[in-house]
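Biologist: Please take one part of this model and look at it closely. I would like a single helix and its surroundings, explained step by step.

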Amino acid sequence: MDEIESLYFAAFHGPPLYESREAARSFAQLYGWLLPRPDLVTVFSRTRQGAELAGIAYGHPWRWAEQSDEWAAQLRERLGESAASLEGRFAVYLLAVDPGYRGKGLGRLLLRSALEAAGAERAWLITRDEQTPAMALYTAEGWVPVGQGPDTPNGRPGLVLIKG
Ligand SMILES: CC(C)(COP(=O)(O)OP(=O)(O)OC[C@H]1O[C@@H](n2cnc3c(N)ncnc32)[C@H](O)[C@@H]1OP(=O)(O)O)[C@@H](O)C(=O)NCCC(=O)NCCS
């Protein structure tokens, strides 16, 4: 979890995202909660020396019946009729690559590998509704918008993307 917090902070605190240490901590905590799930899929890459995480992607299949928190309730409400299309899809919770290892194909590899390891032909994720490098990656990989979800740290509703 400490490693995830460090990687998250390194990946998200600089421009154009400017996320806080607190956000990194929350994400690491979320990973801790998800860890006992037998269907959690995590793929990661370590630095050449093996000392640190260079990138990570993780998620699990989404079942509305398991979701009881406020965030999921808002997701369902904002998606409206499209909410049903998330059922059973692999939910990508996090994709992050350390700034020192970007632009070499690692983000694409991690994203593809997570879906492959999960055996997922259908997936979804939520991202900022902005022209970020992540959005460019998702578009290039064939992800398409299906609606809006809870606000992202830019204060605007996140964009929910699906693949397959
Ligand atoms: C998004 C992220 C994972 C991409 O990692 P990466 O290893 O640099 O990406 P890749 O080298 O695999 O690039 C794959 C594609 O992403 C897009 N891309 C990556 N960096 C980009 C940039 N700076 N500007 C525009 N497009 C970019 C391109 O389409 C690229 O394909 P191409 O090289 O064939 O043109 C990385 O920038 C990151 O960790 N960002 C911060 C965290 C984040 O936003 N995560 C997603 C939250 S939903």
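Modeller: A residue counts as near a molecule if its C-beta atom, placed from the backbone, lies within 6 Å of it. The model is a predicted one. Of the 19 residues around the ligand, those that come nearest are Arg-102, Gly-107, Pro-133, Ala-136 and Leu-137. By type, the shell around the ligand holds 11 nonpolar, five polar and three charged residues. At least two residues of this shell come from each of α1 (2-12), β3, α4 and α5, and α5 gives the most, with five residues.

The helix to look at is α4, residues 106-118. At 1.5 Å a residue, its 13 residues should span 18 Å, and because its end C-alpha atoms are 18 Å apart, the expected span and the model agree. The buried residues of α4 are Gly-107, Leu-110, Leu-111, Ala-114, Leu-115 and Ala-118. Seen down the axis of α4, these residues fall within an arc of 125°, so they line one face of the helix. The buried residues of α4 pack against four strands, β1 (41-46), β2 (53-61), β3 (90-97) and β4 (123-127), and against the helix α5 (133-140). Gly-107 thus appears twice, as a buried residue of α4 and among the residues nearest the ligand. After α4 comes Gly-119, which has a positive phi, near 65°.

As for the setting, the chain has five helices and six strands, and 29% of its 164 residues count as buried.

Key. Residues numbered from 1 in each chain as written. Predicted model: local features only at pLDDT ≥ 70, side-chain atom pairs only at ≥ 80, totals over all residues. Expected span 1.5 Å × (residues − 1). Buried ≥ 20, exposed ≤ 12 C-beta atoms within 10 Å, placed from the backbone. Arc of directions from axis to C-beta. Contact = placed C-beta atoms within 7 Å. Nonpolar A, V, L, I, M, F, W, Y, C, P; charged D, E, K, R; others polar.
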